[in-house]
Amino acid sequence: MLLLLALLALAGPADDAAAAVPVRTCQQRIEAGGAPIGFPRPSANAVFAGPLAFSGHFPRSLAALGPRGEDGRYWTKVGALVRAGRPVVLSVPARYRGVLFLHYARAGNGEEAIRIEPCPPSTPAFSYDGPVGSVTAFSGGFGVTRPGCYPLDVVVVGGRSYRVRLALGRPCR
């Protein structure tokens, strides 16, 4: 599976297979409003995979996960921060498709995979004077049909592959 993701990531968005994977571009980033966003420090609310960090709410109990939405899924908001350089491809392992959903594309009802493209550090910011800097942030989060500790595959285009675990309503042990 990771090999397939790596091949899709290398193909780029012009390839038919990669075109099926939604892309979140530099132009679709979020900004803090006053200065470049920094890479988060290790904490209970951050998960790291090479140049990618997820920072936000990782609920470790059903009560902390909150109520189900109208679609029957639980939802938690988690920002994705990517260091400048190569794009990353996030993918739900086959066993968890239909249970874990990625909400980083601007449309849709949750994806199985998404490609996230960071900005070059010199990209002009839209919310303050100056460049974006070495980290690009994207809004989004995760949806699940039931609480659990879920794996997520992360492939750095032209680089390394990672598998992280996400506490979404249940602690990861």
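Which residue of β8 is the bridge partner of L81? In this predicted model, the bridge partner of L81 in β8 is A137. The pair is a starting point for the account of the fold below.

**Overall make-up**

The protein contains three helices and eleven strands. In sequence order, the elements follow the pattern α-α-β-β-β-α-β-β-β-β-β-β-β-β. Of its 173 residues, 47% count as buried. The accessible surface is about 8400 Å², and carbon and sulfur atoms account for 55% of that surface. Many contacts link distant parts of the chain: among contacts between residues at least 6 apart in sequence, 67% join residues at least 24 apart.

**Strand β8 and its partner**

Strand β8 covers residues 135–138. Strand β4, residues 74–83, pairs with β8 in the antiparallel sense, and four bridges join the two. In a regular strand the side chains alternate between the two faces of the sheet. In β8, V135 and A137 lie on one side, while T136 and F138 lie on the other. These four residues are all buried, and both faces of the strand are therefore covered, since buried means under 20% relative accessible area.

**Nonpolar cores**

In soluble globular proteins, nonpolar side chains tend to be buried together. Here the largest nonpolar core has 31 residues. Within this core, the residues with the most contacts are F54, L90, Y104, F142 and L166. Another core, of five residues, lies apart from it. Among the members of this other core are A53, L81, V135 and A137. The bridge partners L81 and A137 thus appear again in this core.

**Strand β10 and its neighbours**

Is strand β10 largely enclosed or largely open? Strand β10, residues 148–156, is largely enclosed by the rest of the structure, because eight of its nine residues are buried. Strand β5, residues 88–91, runs antiparallel to β10 and is joined to it by four bridges. Strand β11, residues 161–168, also runs antiparallel to β10, and eight bridges join these two. D153 of β10 is the bridge partner of S91, and D153 also stands opposite R163 in β11. The hairpin of β10 and β11 has four residues between the strands, and in this hairpin G158 takes a positive phi near 75°.

**Two loop residues**

G50 and P22 both lie in loops. The loop of G50 runs between β2 (46–49) and β3 (52–56). The loop of P22 runs between α2 (16–19) and β1 (23–24). Each has a residue from another part of the chain listed beside it in the table.

| Pair | Apart in sequence | C-alpha to C-alpha |
|---|---|---|
| G50 and R83 | 33 residues | 8.9 Å |
| P22 and R115 | 93 residues | 6.2 Å |

Why does G50 count as partly exposed? Its relative accessibility is 36%, and partly exposed is the class between under 20% and over 50%. P22 counts as partly exposed as well, because its relative accessibility is 27%.

The contacts of these residues can be listed too. Leaving aside neighbours within four places in sequence, G50 is in contact with F39 and Y162. P22 touches A105, E111, A113, I114 and R115, not counting residues up to four places away in sequence. R115 is thus a contact of P22 although the two are 93 residues apart in sequence.

Definitions and conventions: Residues are numbered from 1 along each chain as its sequence is written. This is a predicted model: local features need pLDDT of at least 70, side-chain atom pairs count only at pLDDT 80 or more; totals for chains, interfaces and linings use all residues. Side-chain values use heavy atoms; hydrogens and water are left out. Buried means under 20% relative accessible area, exposed over 50%, partly exposed in between (1.4 Å probe, protein chains only). Two strands pair if DSSP finds at least two bridges between them. Contact means heavy atoms within 4.5 Å. Accessible areas come from the Shrake-Rupley method with a 1.4 Å probe; for residues, only the protein chains shown count as cover. A nonpolar core is a set of buried Ala, Val, Leu, Ile, Met, Phe, Trp, Tyr and Cys residues joined through side-chain atoms within 4.5 Å.
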